[in-house]
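Reader: I've got this one open on my screen and I'd like a close look at a single part of it. Could you pick a spot where helices pack and walk me through it?

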Amino acid sequence: MSTTYLKSESQTLWARNAKNKTAEESLLPQDSSAILIGRASDVSPTSVPNVVARKCKPPVPEFIRKEGVSRPRLRTVDLENQTSEKDPFDDKIVAITVSLRDRMRFYKLRVTPNATGIASSFNDQFKPEIISDYNDPFRVEWTERVSDKDAYFGEDALRMADPQQAGYSLRYPIYAANFNTRDYPSFQVIMSDLEFILRTTLKEKLHMDHGHYKDYSVILVIPDNYDRAYVREFVNLLITTMGFKQICAQQESLAATYGAGISNACVVNIGATTTSVACVDEGMVLADTRMSLSIGGNDITEFLYVLLKRIHFPYRDLDLSRAYDWKVMEDLKKRLCTLSEADVALNLYDFVVRRPDRPAEKYGLRAYDEIILAPMCLFEPRVIEFDKKRLGLRYPSSAHVTEEIIDHQTDRVTNAMVISTQHLMPAALPPDESPSKSQVAGNSSLPGTNTPAEQLDPQAMVLDEPEQVPSVPADGLDLIDIEDESKLPTPSNQTPNAGANNAGPNQSPTSPPSESSIDITLEASKLPLDVAIFNSARSAGGDDKIRKYLQAVLVIGGAAHTPGMRHALESRLQAIATPLVPNMEKVQIIPPPKEVDPAILAWKGAAVLGKMEGVSDLWVTQSDWDILGMRALKERCFYL
């Protein structure tokens, strides 16, 4: 007798369980500035600003935005010698400007003489135009000054005229892809605020009551360089505290490739406070290629403010610690900033300032190269104050989050980070190192300069002599076919592992003591973006891997909208890769799918993943979590 029992895939236990899984998921990718949440069937997610204003007893702490960008110093004049002290900030600005002028000269673009003086004179004399409330179609409804509500979140919190005066403490639960331990007294308060944001958003935006949580599965998008304690606390919040049916945690780079419909890519996610780089190969994030840079869109906004202030920004009372003033600069960044050298011109712009209890004011603004110098800080991070950005942060220790999960060194320090900091290591490279590798590792002269890499201040890397021939072996130069774009005199001609100055005095707990006394993670986070991408691709393997990933670079995040970003990255990466990688073809930046915002591409990918049959093996249920804890994620996910 013949039978068909268990002879088809639809009859297997795996397939039968798959039918019982919920087809509609709540998706929660998070960023330092906003949380994206929505159903898998939604066209686009709901973006909720990641901020909570909670009423507290006096004295109410004042919200002060931490400065992450260098500021010019007050001028001090020596009356005896009639000389003024030199400001290091001016040197940093000059270095970035020289890099821009070199690129403009290469493209044969004309530089407007005395543009800064003309812009400063116009801005200094400009008087704002008053807009009456009945003529303002975008009038803001400010949150009530006196209220009995215990807390506000999202836009309501940002619309508070003066949170401190109203008795509310304004705080961001997540900062730099981790919990914001700088502004919070304890982790319990952080989790309480996160739960408040999620519950209220689900109720008000998605009309989902607490009783319905048990019917929903959650796809949680976590950072590529995740912290084990961060993942555990977030999963515990969703599964145990809020009571969702089951959860699947996936890394953001993998989710982005699902959203773009590709299987191999070097994913660059430019967030608000951090930028992550990782290579994805056939549905797996290569752990050794992960890098996290301490620079993001907020730094561009802050640097734009510093640059505009130097040319007498007409709105004199702007304070970045106030939410409505920060919104003014965010709007200017989105409308003005570009990375296309052809857009640099002495143009006239306008913007509107809306403040509580005052009519709206319309300002005029003239700017020249400030609109391109601001986003260039991604490639010229000399103006970023990396040490200041870390002050006060105390990340939770993952040492106790073992639960039979082996703690690997690569969980925090990856091969890409080690490559990026080799020039800071005390040990010399082996003498039989190949020329190309030793050059990338920083043991030879930098391409485009005649300064040894070990003597170079990596935060002051500028192409002083752009026409100089890169110092690679003469035989190699004859074999390299350099396209026009690869000849650009850009700062990216520096050594790809040059990181940042001021090596940390304290050793990272995850770095091997025998190799180095520097904080590898910290120093690697100071890299220029183009150098970080090259080092990430290089850590994936040999030259074939480098060519593979540099021809499939996927840029996501809010800063991906910057005009000229694609060409700026391609040209700089080409300038690095052509002399160092044999038979290197044209670097390619993959555009996102049509009508898909790069800022929500990871969310789209998570939505796609939630609808796939293969995700059925990745779910962690409440019973799994109660019994196994983090081991349940280890069994279901490939990255732990």
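Author: Here is a walk through one helix pair, followed by the core and the chain around it. Keep in mind that this is a predicted model. The pair to look at is helix 2, residues 88-106, and helix 9, residues 297-310. Their axes sit 13 Å apart and the packing angle is about 100°. Angles of 65 to 115 degrees count as roughly perpendicular, so that's what helix 2 and helix 9 are to each other.

Now for who touches whom. Helix 2 brings Phe89, Asp90, Ile93 and Ile96, and they meet Phe303, Val306, Leu307 and Arg310 of helix 9. Sort the residues of this contact by type and you get 6 nonpolar and 2 charged, with no polar ones.

Hang on to Phe303 from that list, as it turns up again in the largest nonpolar core. That core has 88 residues, and Phe303, Ile533 and Leu550 are the ones with the most contacts inside it. Take Leu550: leaving out residues up to four places away in sequence, it touches Ile533, Phe534, Ala537, Leu573, Ala577, Met584, Val587 and Gln588. There's also a second, separate core of 40 residues, with Tyr184, Leu198, Met208 and Val218 among them.

Zooming out, the chain has 22 helices and 22 strands. Of its 640 residues, 53% are buried. Among contacts with a separation of 6 or more, 73% are between residues 24 or more positions apart. As for the outside, the accessible surface is about 29000 Å², and carbon and sulfur atoms account for 51% of it.

Methods:
Residues numbered from 1 in each chain as written. Predicted model: local features only at pLDDT ≥ 70, side-chain atom pairs only at ≥ 80, totals over all residues. Heavy atoms only, no water. Axes fitted to C-alpha atoms, helices over the stretch in contact; angles between N-to-C directions. Helix = DSSP H or I, 4+ residues; strand = E, 2+ residues; numbered from the N terminus. Parallel < 35°, antiparallel > 145°, perpendicular 65-115°, else oblique. Contact = heavy atoms within 4.5 Å. Nonpolar A, V, L, I, M, F, W, Y, C, P; charged D, E, K, R; others polar. Core = buried A, V, L, I, M, F, W, Y, C linked by side-chain atoms within 4.5 Å. Buried < 20%, exposed > 50% of the residue type's maximum accessible area, 1.4 Å probe, protein only. Areas by Shrake-Rupley, 256 points an atom, 1.4 Å probe, with all protein chains shown as cover.
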